[in-house]
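Hi,

Here is the structure I promised to pass on. Have a look at it first, and then read on for what turned up.

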Amino acid sequence: MKSIAVLILAAGASTRMEGGPKQLLPWQNTTLIGHAIEQAKQLSELIFVVLGAYADDIEKVIPEDVEIIYNPHWEKGMGSSISVGIEHLQNSNEKPTGLLVMLADQPLLDATYLQEIKSDFENKPCKIVATSYGNKLGVPAIFDNSLLPQLAKLHEDVGAKHIIEKNKTDTITVFPKGKEIDIDTKNEYAQYINNK
């Protein structure tokens, strides 16, 4: 049985949201970051959250059994958060066979969807299972641990898409069927909070 760790990226400054971190916006009975953690916990007990902007506020709502990683270079973009997260994982005693990278602001990609990705990773010959965004692939995605050194070399705003593209022949695609929205503005938040 393959084991996976989960890396939730939540270091951004929510610049388009106006008025504070979107990670702490209410969602169902928790917050966006709380919801992401709840979904991840249905797949794995090994969960890491990368924080940056608003870290002091966000860490107050992170459960004790979730490990917080602080990215001092969070303003450089998602690639730097992935790199910091991988480095932390490689320095720990944990040796999962795969790593699920996901975002805190895609609440419709729930545990059912993440289980689909995990099932493909466990049962099909591949190094990556990635989410389809039309003509691009991205996260949520699970990466085989053999790819962690490549992910660790990401920098600034070059995200996981770069690694997926590089290993396309070893990648399985999962289709999110309209659930792939990410919440970037107050209008988007209002739209989805009213329709969910």
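Let's start with a pairing: which residue in β6 is the bridge partner of Leu 9? It is Leu 103. Before you go further, keep in mind that this is a predicted model.

The sheet first. Seven strands make up an open sheet with mixed pairing, in the order β5-β4-β1-β6-β8-β7-β9. At the edges stand β5 (67-70) and β9 (171-174), each with a single partner strand, so one side of each has no neighbour in the sheet. From one strand to the next, the twist averages 30°.

As a reminder, strands in a sheet pair through backbone hydrogen bonds, and they can do so parallel or antiparallel. You get both here. β1 and β6 are parallel, with six bridges, whereas β6 and β8 run antiparallel and are joined by four bridges. One residue to click on there is Val 101, whose bridge partner in β8 is Ala 141. β8 (residues 136-144) also runs antiparallel to β7 (residues 128-133), and six bridges join those two strands. Within β8, Ile 142 is the bridge partner of Val 129.

Now for β6 on its own. Six of its six residues are buried, so β6 is largely enclosed by the rest of the structure. In a regular strand, side chains alternate between the two faces of the sheet. In β6, Gly 98, Leu 100 and Met 102 point one way, while Leu 99, Val 101 and Leu 103 point the other way, and all of them are buried.

Two helices to look at against the sheet:

- α1 packs on the sheet, where it touches β1 (4-10), β4 (47-51) and β6 (98-103), and its direction makes about 170° with that of β1.
- α4 (residues 111-123) lies across β1, β6, β7, β8 and β9, and runs at about 60° to β8.

α1 is mostly covered, with eight of its 10 residues buried. Among them are Leu 32, Ile 33, Ile 37 and Gln 39. His 35 is another of the buried residues of α1, and I'd spend a minute on it. His 35 has a relative accessible area of 4%, under the 20% cut-off, so it counts as buried. What does it touch, leaving aside neighbours within four places in sequence? The contacts of His 35 are Trp 27, Gln 28, Thr 30 and Pro 107. With Pro 107 there is a polar link too: a polar atom of the His 35 side chain lies 3.0 Å from the backbone oxygen of Pro 107. His 35 and Gln 106 are 71 residues apart in sequence, but their C-alpha atoms are 9.6 Å apart in space.

Thr 31 is worth a look as well. It is found in strand β3 (residues 30-31) and counts as buried at 14% relative accessibility. A polar atom of the Thr 31 side chain lies 3.0 Å from the backbone nitrogen of Gly 34, and Gly 34 is one of the buried residues of α1. Not counting residues up to four places away in sequence, Thr 31 touches Gln 23, Leu 24, Leu 25, Pro 26 and Val 61.

Over to α3 (residues 78-91), which holds Ser 81. Is Ser 81 buried or exposed? Buried, with a relative accessible area of 4%. Beyond neighbours within four places in sequence, Ser 81 is in contact with Leu 9, Ala 11, Val 50 and Asn 71.

Gly 159 sits in the loop between α5 (148-152) and α6 (161-166), and it is buried, with a relative accessible area of 19%. Leaving aside neighbours within four places in sequence, Gly 159 is in contact with Gly 79, Ile 82 and Leu 154. Gly 159 and Ser 83 are 76 residues apart in sequence and 9.4 Å apart in space, C-alpha to C-alpha.

Last, the pocket. The largest pocket holds about 870 Å³ of space. It is lined by 30 residues, and the closest to its centre are Lys 22, Met 78, Leu 103, Asp 105 and Asp 182. β1, α3 and β8 each supply at least two residues of that lining. Which element gives the largest share? That is β8, with three residues.

Cheers

Note on methods
Residues are numbered from 1 along each chain as its sequence is written. This is a predicted model: local features need pLDDT of at least 70, side-chain atom pairs count only at pLDDT 80 or more; totals for chains, interfaces and linings use all residues. Side-chain values use heavy atoms; hydrogens and water are left out. Buried means under 20% relative accessible area, exposed over 50%, partly exposed in between (1.4 Å probe, protein chains only). Contact means heavy atoms within 4.5 Å. A polar contact is a pair of N or O atoms within 3.5 Å; within protein, one must be able to donate a hydrogen and the other to accept it, and residues adjacent in sequence count only if both atoms are side-chain atoms. Two strands pair if DSSP finds at least two bridges between them. Axes are lines fitted to C-alpha atoms, for helices over the stretch in contact, and angles run from 0 to 180 degrees between N-to-C directions. On a 1 Å grid over the protein atoms alone, a cavity is a set of points where a 1.4 Å probe fits but cannot get out, and a pocket is an open set with protein on both sides within 12 Å along at least five of seven lines; lining residues have an atom within 4 Å of a point. Grid points are joined across faces, edges and corners, and a volume is the space filled by probe spheres set on the points.
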